[in-house]
Amino acid sequence: MTARRRTVLITGTSSGIGLATAVTAAGAGFTVVATLRDPDGAHALREAADEAGVTLDVRRLDVTDEESVATCLKGVRETYGRLDAVVNNAGISNFDPTMEMSTTRALRANLEVNFFGVVAVSRAAMPLLRACGGRLLSVGSVHGVVGQPFNEAYAAAKFAVEGFMESLAPVAAEHGVKVCVVVPGFVRDTRFGYFPDINRETIRAASGPYARTFTDYLDWVVGHGWGGASQTRWEVAEVVVRALTAEDPPFRVPTSDRVAEYLARKLADTDGSAIQALARTWIAGAEGAERGVGPA
Ligand code: NAP
């Protein structure tokens, strides 16, 4: 896909990876529909666009509000008559030392944005994407492949995104739409995971029987974690835009070698091409179908 005059809709562009992707995609020649929950909160986005000398079409879209999703997609169809790509980027973190008490509530809140938000936008956009052989991309996470202590709700939601996207990909491909998940590790210059009211003492007080394990976990995060292997939002945005413009991107796109190595500990099939090739045989009719290895 060449970037020139192609239209991409990106969710969650008020900050972080979404903001950087909107500006980078516009710089690469895309017409960018940069969406956010509250267009009044677009100061940083507009500033970054001005600095880069690019123009964005800023529109409201709350991924948890299906009416706002439908209204935005309708507006895009009316203005451009087409949509070549969607980047499901909007997301929230979770940080929950009190998992016994609030797991269900935390899970629902997190899945609402991180999973159902992806589903709502993808479903609404698919007719437009099918019409022009477009591309559907979600920003996943290493925690969508490898679970992370004290991030149960977030990991569950991101695992759900991987399952949704991986299941959709072979069918979408048969109908001309390429589907992929870009997988960052730790991205240091976003608002993600910024909890100004939380510190070691509040965590200790809230974590009850988990106080020791949570403290050990925090020590590991601070002492080791992703440390020097973290990336910037601009580095991740470059990877997203490459996945939007590559002729034939793989299903799963790790944003760095370090991320790929981490995923490989869990997945022999790091970029997802073996599973994609296998699943394609299940919907390709009798010819070429790989017998006896279907889903259990
Ligand atoms: P961020 O700076 O907090 O950006 C998240 C964006 O999502 C914000 O613009 C936020 O907008 C938006 N958002 C939240 N709820 C929304 C909703 N209901 N509807 C529409 N937009 C909504 O964090 P980020 O790091 O750039 O995160 C972007 C994506 O990267 C997320 O999917 C995250 O899971 C993923 N990721 C991040 C990291 C990391 O280390 N930072 C690592 C792996 C994956 P508001 O201003 O309206 O809140």
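Strand 1 and strand 2 (residues 31-36) run parallel and pair over 4 bridges, where two strands count as paired if DSSP finds at least two bridges between them. One of those contacts is easy to pick out: the bridge partner of Thr7 is Thr31 in strand 2. Strands here are DSSP runs of E with at least two residues, helices are runs of H or I with at least four, and both are numbered from the N terminus. Before going on, note that this is a predicted model, in which local features need pLDDT of at least 70, side-chain atom pairs count only at pLDDT 80 or more, and totals for chains, interfaces and linings use all residues. Residues are numbered from 1 along each chain as its sequence is written, and side-chain values use heavy atoms, with hydrogens and water left out.

Zoom out from that pair and you get an open sheet of 7 strands, in the order 3-2-1-4-5-6-7, with parallel pairing. Strand 3 (57-60) and strand 7 (252-254) stand at the edges; each has a single partner strand, so one side of each has no neighbour in the sheet. From one strand to the next, the twist averages 20°. As background, strands of a sheet pair through backbone hydrogen bonds, either parallel or antiparallel.

Now for the helices. The protein chain has 10 helices alongside its 7 strands. Two packed helices are described by the angle between their axes and the distance between the axes. Here the axes are lines fitted to C-alpha atoms, for helices over the stretch in contact, and angles run from 0 to 180 degrees between N-to-C directions.

Helix 1 (residues 16-27) is a good place to start. Its axis and that of helix 8 (residues 233-245) come within 8 Å and cross at roughly 55°. Helix 1 and helix 8 are therefore oblique to each other, given that angles under 35 degrees count as roughly parallel, over 145 as roughly antiparallel, 65 to 115 as roughly perpendicular and the rest as oblique. The crossing of helix 1 and helix 8 is right-handed (the near helix is turned clockwise from the far one by less than a right angle; anticlockwise would be left-handed). Residues in contact, meaning heavy atoms within 4.5 Å, include Gly16, Ile17 and Leu19 of helix 1 and Arg233, Trp234 and Val236 of helix 8.

Helix 1 also packs against helix 2 (residues 43-52), at an angle of about 30° with the axes 10 Å apart. That makes helix 1 roughly parallel to helix 2, and their crossing is right-handed. On the helix 1 side, Leu19, Ala22 and Val23 make the contact, while helix 2 supplies Ala44, Leu45, Ala48, Ala49 and Ala52.

Further along, helix 5 (residues 152-174) and helix 10 (residues 273-282) pack at about 60°, their axes 9 Å apart. That makes helix 5 oblique to helix 10, and this crossing is right-handed too. Glu166, Ala169, Pro170, Ala173 and Glu174 in helix 5 meet Ile275, Gln276, Ala279 and Arg280 in helix 10.

On to the charges. Side chains of opposite charge can pair when their charged atoms come close. A search of the whole structure finds 10 salt bridges, each being a side-chain nitrogen of Lys or Arg within 4 Å of a carboxyl oxygen of Asp or Glu. One of them joins Asp84 and Arg6, at 3.4 Å from N to O. This pair links distant parts of the chain: Asp84 sits in the loop between helix 3 (66-80) and strand 4 (85-88), Arg6 in the segment before strand 1 (7-10), 78 residues apart. Asp84 also bridges to Arg82, at 2.6 Å from N to O. Shared partners join Arg6, Arg82 and Asp84 into one network.

How buried or exposed are the members of this network? Asp84 counts as buried because its relative accessibility is 0%, where buried means under 20% relative accessible area, exposed over 50%, and partly exposed in between (1.4 Å probe, protein chains only). Arg6, at 24%, counts as partly exposed, and so does Arg82 at 33%. Elsewhere, Asp65 and Arg60 form a salt bridge at 3.9 Å, N to O. Asp65 is partly exposed at 27%, and Arg60 is partly exposed at 41%.

Two figures cover the whole chain. Of its 296 residues, 48% count as buried. Among contacts with a separation of 6 or more, 72% come from residues 24 or more positions apart.
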